[in-house]
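Got the model open in your viewer? Here is a quick walk through its pockets, its one listed cavity and some of its helices, with something to select at each stop.

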Amino acid sequence: MSYRVRPDRALDGEVHKAATHQLGKAIAVLTDRPQGLHEAVHAARKNIKRVRALYRLIAPIAREFQQHENDRLRDMARSLSGLRDATALIEASHYLQTTAKSEDELQALSRVTDVLTSRRDRLAEAETDLESKARLAITTCNEALETLKDVSFEARRRDAAGLFQKGWRKNLRKAVQALSECHVEAAHAECFHDLRKRSQDYWMHHMLLRDVWPAAMHAKQLEAKILVDVLGRYLDMSMLADVADREPHLFNGSDDHARLLEAIISRQQAAREEALNRACWVFADKPEREARTIKRLWLEAVD
């Protein structure tokens, strides 16, 4: 995989290679669309998240570049997010079906899934500018590639250890802060959304630096990815509950609406507890201590 920064290679080349590969994949999938435009958009947004996570990690030596490119890529990804929420609702309803507690609940949730699929399809028909947004996204990725060519991340291999220590510490502090805000009894879904973003960065940073201790980094990477998935499930159910409240007419006065809300309430509480428990384990170490470990591992790998 090209999404890595190896300690036995020059930092500048590794960063350019990783970012170029992800931006190139985004351009390719938006151009070729092997599974259609909507799947291409979803795949491209994943590539962009990886680039942004990489730039956050190296921000201590390229602050202005990181801020500029983060804003550029964030805005581009947002422009492509139109139908993602509608699709996420369908995925949440599928999950609820897999955990149905009775045949009646299963049938009701199956009908809910059909309703949400029809809703997504109507929104897709109404979104007539996605084609132009995809073309603009390709242009933006090409501009990001050109900007990347003009910037250097020169640092001696041992100096890079201090860079990663700073980047790791800063991003982990943000994660710990986000987690503390989620522990508040009346924590809003936005708090969990922020925790998920920080968890995604943490997962991707383990991917990037996995060569310094492959077995341990891979294990922590997997735990962080599970946390990201659980948080995503929790947030999707929150969004589904909001849609059910705002658009009750979708259910034509049937009791499917009530069954859906009951299912969300029971599963969402479980997902919340699981997410908090997993996050407490994933982010158990103090940021300063873990960042020092990353620095030491990098130096040992260089030597």
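Let's begin with the lining of the second largest pocket in this predicted model: by class, its residues are nine nonpolar, two polar and four charged. To get there, select H206, K220, D285, E290 and T293, which are the closest to the pocket's centre among the 15 residues that line the second largest pocket. The space in this pocket comes to about 300 Å³.

Now colour by helix. Which helices each supply at least two residues of this lining? They are α8, α9, α10 (256-282) and α11 (287-302). The helix that gives the most to the second largest pocket is α11, with five residues.

**Next stop: the largest pocket**

Select R45, K49, H193, R196 and Q200. Of the 44 residues lining the largest pocket, these five are the closest to its centre. About 1600 Å³ of space lies in the largest pocket.

What is the lining of the largest pocket made of, by class? Here you'll find 23 charged residues, along with eleven nonpolar and ten polar ones.

Try showing these helices one at a time, since each gives two or more residues to the lining of the largest pocket:

- α2 (37-57) and α3 (63-79)
- α4 (84-98) and α7 (157-182)
- α8 (189-208) and α9 (214-246)

Keep α8 highlighted: the largest share of this lining, ten residues, comes from α8. Then colour by domain, with domain 1 as 9-82 + 127-154 and domain 2 as 83-126 + 156-302. The lining of the largest pocket draws at least three residues from each of these two domains.

**Now look at how the helices cross**

Hide everything except α8 and α9. Their axes come within 8 Å and cross at roughly 155 degrees. An angle over 145 degrees counts as roughly antiparallel, and therefore α8 and α9 are roughly antiparallel to each other. Is the crossing of α8 past α9 left-handed or right-handed? Rotate the view and check: α8 passes α9 in a left-handed crossing.

Swap α9 for α7. The axes of α7 and α8 come within 9 Å and cross at roughly 150 degrees, which means that α7 is roughly antiparallel to α8. The α7 and α8 crossing is left-handed.

**Last stop: the cavity**

Leave α7 and α8 on screen, as each of them supplies at least two residues of the lining of the largest cavity. How many cavities of 30 Å³ or more are there? The count comes to one. About 50 Å³ of space lies in the largest cavity.

To see what surrounds that space, select W168, N171, L172, A175, R198, D201, Y202, H205 and F283, which line the largest cavity. By class, this lining has five nonpolar, two polar and two charged residues.

Before you close the session, bring α8 back into view once more. This helix gives ten residues to the lining of the largest pocket, supplies at least two to the second largest pocket, and supplies at least two to the largest cavity.

Methods. Residues numbered from 1 in each chain as written. Predicted model: local features only at pLDDT ≥ 70, side-chain atom pairs only at ≥ 80, totals over all residues. Heavy atoms only, no water. 1 Å grid on protein atoms, 1.4 Å probe; cavity = no way out; pocket = protein on both sides within 12 Å on 5 of 7 lines; lining within 4 Å. Points joined across faces, edges and corners; volume = space filled by probe spheres on them. Helix = DSSP H or I, 4+ residues; strand = E, 2+ residues; numbered from the N terminus. Nonpolar A, V, L, I, M, F, W, Y, C, P; charged D, E, K, R; others polar. Domains from an automatic or database assignment. Axes fitted to C-alpha atoms, helices over the stretch in contact; angles between N-to-C directions. Parallel < 35°, antiparallel > 145°, perpendicular 65-115°, else oblique. Left-handed = near helix turned anticlockwise from the far one by under 90°.
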